[in-house]
Amino acid sequence: MKFTHRLIVYLGLAVFYLFLLGPMAWLVLSSFRTSDSIQSGHIWPAFSEFTLYNYIEAFKLNNFPQLVGNSIFIATSVMLLVVFFGSLGAYGLSRFPLKGKPYLMLASLLPQFFPYVLVLVPFYVLMSNLSLVDTHIGLILTHTSITLPFALWMLTGYFNAIPRELDQAAAIDGCSRFAILFRILYPIALPGLVVAGFFAFVVSWGDYLFVSILSQSEATQTLPLGLQSFLQSLQVKWGLITAGTVIAIIPTILFFAVVQRRLVAGLTAGAVKS
Amino acid sequence: MDTKETAFQPPKAPKAIEYRTPFLVRLWKESFGYLLLLPALAIILGLNLYPTTYGIFTSFTDQSLLDPNHYNLIGLANYFKLFADPIFQLSFLHSVELTASAVLLQVLFGLILAHLLIQRVPGIQVFRSLAMVTWVLPIIAAVVIFRFFTLPNYGLFNLVLTQIGLGQWTRNWFGDENFAFLVVLLMHLWRNIPFYAIAFMAAMQAIPQDLYEAARIDGATRWHRLIFITLPNLRYIILVMVVLHVTFTFNNFDFVFLSTGGGPVNATEVLPTYIYKQAWSGYALGYASAGGVVMLIVLVILVTICRRVIGGYQTE
């Protein structure tokens, strides 16, 4: 009974994980193969066909290092801004008696549901009026605005779960209102802050739509745009494309490994009734 | 008399000592909460709500990307043109089909995977921690992975098909009119099923075990326990996930645009890609905005339907 039960569970998991991880493993394996080896039609390459050549070549492509640099700079800035402004706003929503609070919450969450393609046109006009087209600041602001609603919503839930007695005790001990946020709430809500930051980072890192409109030169292009142009221009050089993709994946995977345990609790905060 | 009456009066607080918080200090104290929220709200509303409102306005004009500063109000003309446009109708149909089939299958497979992941078998922790890895990848990476996996001559999928004797099935899956839509659907499933599974798993673990114990004593079968205990307890999280993903799938532009561009021969064209092309390749900003407004309305209807069908949680 116990044995058959385990067997069924493992078989089920095997089917799911083959579907989920198989295509990914194939990409990673191929990124270490020579182009001839990839095109040979053999599933498992000979040992001599493994190489780091693709990675070295990818970094030699004229603008690849710049793409990586832009992506890291923009995604990191977005992450920091979202965590900072998101936690300030969440502190306000969670701890102060604001008039019309439900409406403020709704107004800040609603944009999450608007079709991006509808926002895109006026967005472009707005950004060009502010002279922010093709600038890092423009992209950072854009990504901040699309990830902030979720962060604000999630962090408000996190702060609400922290007992108010803690702030009151700190206030009696002479803590200022900013100090309460930074010295009392931040350490306790750290998992929430990390998840909010992670979410912002991942969305910014992976965004194609907004970058394709607002970035008009190599100076501000990010990895998704670069990969798309590789895909079109390097038609048969799959070795380079796979290596470039693996490089684009690595930061999100590393970050994911750090926050993995907290991710679900954060993403569905308030969704599971207690 | 006078002295007696006044003796019972409560003593008046001497005015000179009364303390009033200075106006500026009071303003600072009372508006502190609003000030905290201000930057976030300014960024969100300034960069989302304003463009959306403006976009709705644009849909009633003939604005063009070539000369965005000169336009005329043309009423509902864009909308009439839109509903008569066969490719718009096709994209509309595809969008609804994709959203409905993706979300339904995701809930179904999400429940199955969640059920597997709550089993206490050795090594289950590894499966749990690996689960959401597909969800964190940039969509362009998912597209590269799938295109590479299904390449006609040396993609693993076609190689395996050949190996197991189904060689006549090999094809360029993204380039095939009959299968491209299916591969796009598959990418949506690939990315999101683990997210559903992990969320459902967390909710399943929160269901009190004594409910199951009591049901077992009353002689309920596994099936009964699933229908009468597990699913009702998951109703709220299912609603949350469905609303999130109806929005995500219906609005998603990247999967289709980056993998097939809407082709072959419009076989995978969805509303976001069609509208995008109208604006940025066809320069018809007003026309594209009208399409965006239609999307917004459809989305509101879809979310309302989901709340009606799954909802009812508010009365609990």
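The following paragraphs describe a predicted model of two chains, beginning with its confidence scores and moving through chain A, the contact between the chains, and selected loop residues.

The model is predicted, and its overall scores are an ipTM of 0.88 and a pTM of 0.87. For chain B, the mean pLDDT is 86, and 92% of the residues reach 70 or more. Confidence within this chain varies by element: helix α1 of chain B (residues 2–7) is lowest, with a mean of 52, while helix α4 of chain B (residues 86–117) is highest, at 94. The coordinates of helix α1 of chain B should accordingly be read with that mean of 52 in view.

Chain A contains 13 helices and zero strands. Followed along the sequence, its pattern is a succession of α elements from beginning to end. Along the principal axes, the C-alpha atoms of chain A occupy a box of roughly 70 × 70 × 35 Å. Of the 274 residues in this chain, 44% are buried. Among the contacts of chain A with a separation of 6 or more, 76% join residues that lie 24 or more positions apart.

The two chains meet in a contact that takes 77 residues from chain A and 71 residues from chain B. On the side of chain B that touches chain A, helix α2 of chain B (residues 23–58) supplies the largest share, namely 19 residues. Sorted by class, that side of chain B has 57 nonpolar residues, 13 polar residues and one charged residue.

One pair of helices shows how the two chains pack against each other. Helix α6 of chain A and helix α14 of chain B have axes 8 Å apart and pack at an angle of about 145 degrees. Their crossing is left-handed. From α6(A), the contact is made by A:V117, A:L118 and A:V121; from α14(B), the participants are B:L285, B:A288, B:S289, B:G292, B:V293, B:M295 and B:L296. The residues of this helix pair comprise eight nonpolar and two polar, with no charged residue.

The loops that adjoin these two helices each hold a residue with a notable backbone angle. Most residues other than glycine have a negative phi. A:D134, however, is not a glycine and has a positive phi of about 65 degrees. This residue is placed in the loop between α6 (116–129) and α7 (136–160) of chain A. Is A:D134 exposed, partly exposed or buried? A:D134 counts as partly exposed because it has 16 C-beta neighbours inside 10 Å, a number between the limit of 12 or fewer for exposed and that of 20 or more for buried.

In chain B, B:Y283 likewise has a positive phi, near 60 degrees, and is a residue other than glycine. B:Y283 is found in the loop between α13 (271–280) and α14 (285–310) of chain B. With 15 other C-beta atoms within 10 Å, B:Y283 is also partly exposed.

A further loop residue of chain B is B:A84, located between α3 (77–83) and α4. B:A84 counts as exposed because it has 9 C-beta neighbours inside 10 Å, and the limit for that class is 12 or fewer. What separates B:A84 from B:R222, in sequence and in space? The two residues are 138 residues apart in sequence, and their C-alpha atoms are 52 Å apart.

How values were computed:
Residues numbered from 1 in each chain as written. Chains lettered and ligands numbered in written order. Predicted model: local features only at pLDDT ≥ 70, side-chain atom pairs only at ≥ 80, totals over all residues. Helix = DSSP H or I, 4+ residues; strand = E, 2+ residues; numbered from the N terminus. Contact = placed C-beta atoms within 7 Å. Nonpolar A, V, L, I, M, F, W, Y, C, P; charged D, E, K, R; others polar. pLDDT = per-residue confidence, 0-100. Axes fitted to C-alpha atoms, helices over the stretch in contact; angles between N-to-C directions. Left-handed = near helix turned anticlockwise from the far one by under 90°.
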